[in-house]
Structures are given as structure tokens and as C-alpha cells.
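Let's take a friendly walk through a protein together. Have the picture ready, and find each part as we come to it.

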Amino acid sequence: MSKILDEYLTENLQELKDNGLYNEINVVEGANGPEITIEGEKMINLSSNNYLGLATDETLKTVAKEAIDSHGVGAGAVRTINGTLDLHVELENKLAEFKGTEAAVAFQSGFNCNMAAIQAVMNKEDAILSDELNHASIIDGCRLSRAKIIRVNHSDMDDLRKKAKEAVESGLYKKVMYITDGVFSMDGDVALLPEIVEIAKEFDLITYVDDAHGSGVMGKGAGTVKHFGLQNDIDLQMGTLSKAIGVVGGYVAGSQDLIDYLKVAARPFLFSTSLTPGDTRAITEAVQMLMDSTELHDRLWENGDYLKKGLKELGFDIGNSETPITPCIIGDEKTTQQFSSRLMEEGVYAKSIVFPTVPKGTGRVRNMPTAAHTKEMLDEALRIYEKVGRELNVIS
Ligand SMILES: *Cc1c(COP(=O)(O)O)cnc(C)c1O
């Protein structure tokens, strides 16, 4: 090994460990469901993004196996060479129908979508206004475009209007985009899309919504943009197929011209092999299930409301979430981490999230209830929360 690399790795790993920032990754033994097993211990899982429980759905498993039988395990090439299978076209037509747009294009992951679409549309002569709490993949996608990045205070519409006006009137930029998460994953709050659209119209901003946590959850399943009925006003709707949809992959939905352009200009589309047949077929089926019935969506919200109500009644601070994402704000970083470890010992798997992911002093344990949790599981989780909460003097 290179000596310089060796020193670099040793130093960095040591520094992370010294500062308590080195993350030991737990291995889940078996499927990622409402209950999971880690080191032989069964726990109630409140940490997944598997909102609708589709990751282990029997129908999806069956159609994925059938697609492997008919189409094989891999797509064989990038989309533009000969990796565009009939299954991909079916999926993209279904996604466009689901999102209420003219067209859609699928990518290998949500992260890849943000690498692909921002860079394809924006370049160094442009500016991007970006909510300060946007996801890491948005930040990286913006950097890759080489556009000027202008941070906007979180969901602050006065700040957005002011910075949009400055950017447009400066005459320095050819195009200006506003990019935001649809649902913010740490607090569960929802982007103020009607106000955003109004400001975008005033200044001719390009609008881009990353709905990774909104798809399957908001708008009766169809996402945050549809929740507000703004399908014709948001230019790029991006989402992931790995959270509520339960599989893997991502998509961008929008006008036919936008999608045609992404298929010739988006680098992860051009240079990375497409989704596997099994995944693609399972995703199409999952989207169809969401279009046919809101049963899973309704159960997710019911469970989210139940958990929130229970934690609140116990005296916990659950923030201002507008979605099933349920933060339980503990405060200082050390107590938060201790709280999460004690929950785990007692049988609840809910991860602590601390600075720098969230502001100092707002450390939290984040709970992600799903449609697959039973009331008994949630009651048991609440019982454990009460026990650990009293023990660590978080509640009285
Ligand atoms: C999870 C997430 C992504 C990445 O999606 P993957 O499909 O897991 O790559 C992108 N944006 C946001 C806001 C996310 O929460």
C-alpha cells in the first residue's frame, strides 16, 4: 500500500474515532421488515425508509422472479447501447402516469438522478438557489453542474424571493433554478410548494423538487407535487424507487422535451448500466399497486399518527413533523446517543441523528413507522420509550 495513503487513512480514522464520529455499521440478519434481527437479537425496526413495507412484499418478489426468468439478471448494457429493455419502457410510462407528467426517465438510484439531471440542465453560466437543508445528493449534483450555488434559509420564502430577485436582476446568470426536498427527512416538514411556484413564476425560475421522502407518502401516494396539484408547475420532479417503493432506483418526471433531453445529456444515463430486469419489473408492479389502492398509504399514516400521539402523551418533544417521519428530540449529543443505544438494548432500533446532520443541541432519535408495523409493535416500542425516557430523565 502507498505510504501516503496508509498515513492518510490511519489519521482520518483515528480522528473520527477520537471525536465519536466513527459509525459502526450494524448488520441486519435477514430481511428489512418491521422487525429485524441484529447480532441474534430481534428488534422493532423504526429506522428504515421502507414506508409501505414493500421491500418484502410477496407479489413484488414473485414478479421480480418471473422477470429474472424471462429477461435474466442483468440489463447487459447502458441504456443507449442496448440496455433499454421493454421492461424499462413499461416502467417509465407507468411512472409518468403516476406522477401526472408527459414523461419520465428511470435511473439506477435517487442519488444518481441528482448527479444526472441537475448537471444536464444547469451549467457554469447559471445559478442554483438551494434550501440549506437539502439532501447531500442535491448538494453534490449542484456542485457537479458548476453553477453558482446560492443557499436559501430553510423554507424561508422571504429569503427565497430576495435571493431570486438579486440573482435574476444581477444579469450574471443565464438561468436560475430553485431546488428543494419535497419532504425534509430530518424533521418531516413539507416544502412550501404553492409559494415556491408563485415566486418561480414571478422570476422565471426553473423548479426542481426531490421527492425521495414524499413519493408513496404524500398526495395519496403520488407525492408532494401532486398533493398540491402542481404537476404542471414544477419543471423537474425527482424521486427514489428505494424508499416507499421498496426496491432500488430513481426517476425524473416532467415534460417530454425534458425527458428526451436527459436521455441524451445525463451522464449516469449514458455511461452506467441500467436497472436490472427483476428490480424494474418489481418497481412497475409497486407503482401499479399504489395507483390501484391507498390501503398501504392509509395504514402508514395511521401508524405514524399513532406513534406520534403516543410519544407526545409520554411527554417527548416530537418537533413539527407533517409526515409519518417522527423525530424524538432529546437535545444534547451524548444523551441522544445514549438514548438510542438503550432503546436498542431494550429492543427498539431507532437511530440517533446528531450534529452535524442536525443543528447542535437538537440531537434526536428518528422514528420511521411503516405500513407493516402492527399496533402491538408500536405499543411495545412506546413502552420501551417510556422506560428509557424515565431512566435518562428525558421525561418525568
Ligand atoms: C434517500 C434520498 C436520495 C437518494 O436516493 P437513493 O435512491 O437511496 O439513492 C436522494 N434525495 C433525498 C432527499 C433522499 O432522501
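Before we set off, keep in mind that this is a predicted model. We will start with helices that pack against one another, then turn to empty spaces, and finish with two details of the backbone.

Begin at helix H12, which covers residues 277–292. One of its partners is helix H4, residues 86–99. The axes of H4 and H12 come within 9 Å and cross at roughly 25°. Angles under 35 degrees count as roughly parallel, so H4 is roughly parallel to H12. The crossing of these two helices is left-handed. On the H4 side, the contact is made by Leu87, His88, Glu90, Leu91, Lys94, Leu95, Glu97 and Phe98. H12 answers with Pro277, Thr280, Arg281, Ile283, Thr284, Val287, Gln288, Leu290 and Met291. Sorted by class, the residues of this contact are nine nonpolar, four polar and four charged.

Now look for helix H2, residues 58–71, which also packs with H12. Here the axes come within 7 Å, and the crossing angle is roughly 140°. H2 and H12 are therefore oblique to each other. This time the crossing is right-handed. Thr59, Leu60, Val63, Ala64, Ala67, Ile68 and His71 of H2 meet Pro277, Gly278, Arg281, Ala282, Glu285, Ala286 and Met289 of H12. The contact of H2 with H12 has nine nonpolar, three polar and two charged residues.

Further along the chain, which way does H14 cross H15, left-handed or right-handed? Helix H14 spans residues 333–346 and helix H15 spans residues 375–391; their axes lie 10 Å apart, at an angle of about 135°. That angle makes H14 oblique to H15, and the crossing is right-handed. Phe339, Arg342, Leu343 and Glu346 of H14 touch Ile384, Tyr385, Lys387, Val388, Gly389 and Glu391 of H15. Five of the contact residues are nonpolar, one is polar and four are charged.

Next come the empty spaces. How many cavities of 30 Å³ or more does a search of the whole structure find? There are three, and the largest has a volume of about 50 Å³. Its lining is formed by Arg79, His88, Ala106, Phe107, Gln108, Pro268, Phe269, Ser274 and Leu275. Strand E3 (103–107) and helix H11 (267–271) each give two or more residues to this lining. By class, the lining has five nonpolar, three polar and one charged residues. You have already met His88: this residue of H4 is part of the contact with H12, and it also lines the largest cavity.

Pockets are open spaces, and the second largest pocket has a volume of about 180 Å³. Around it you will find Gly100, Thr101, Glu102, Gln231, Asn232, Ile234, Asp235, Leu236, Gly254, Ser255 and Leu258. This lining divides into three nonpolar, six polar and two charged residues.

Finally, let's look at the backbone. Most residues other than glycine have a negative phi, and most peptide bonds are trans. Aspartate 204 is not a glycine, yet has a positive phi of about 50°. You can find aspartate 204 in the loop between helix H8 (193–203) and strand E7 (206–210). Phenylalanine 355 and proline 356 are joined by a cis peptide bond, with omega about 10°. Proline 356 sits in the loop between strand E12 (352–353) and strand E13 (363–367).

Notes. Residues numbered from 1 in each chain as written. Predicted model: local features only at pLDDT ≥ 70, side-chain atom pairs only at ≥ 80, totals over all residues. Heavy atoms only, no water. Axes fitted to C-alpha atoms, helices over the stretch in contact; angles between N-to-C directions. Helix = DSSP H or I, 4+ residues; strand = E, 2+ residues; numbered from the N terminus. Parallel < 35°, antiparallel > 145°, perpendicular 65-115°, else oblique. Left-handed = near helix turned anticlockwise from the far one by under 90°. Contact = heavy atoms within 4.5 Å. Nonpolar A, V, L, I, M, F, W, Y, C, P; charged D, E, K, R; others polar. 1 Å grid on protein atoms, 1.4 Å probe; cavity = no way out; pocket = protein on both sides within 12 Å on 5 of 7 lines; lining within 4 Å. Points joined across faces, edges and corners; volume = space filled by probe spheres on them.
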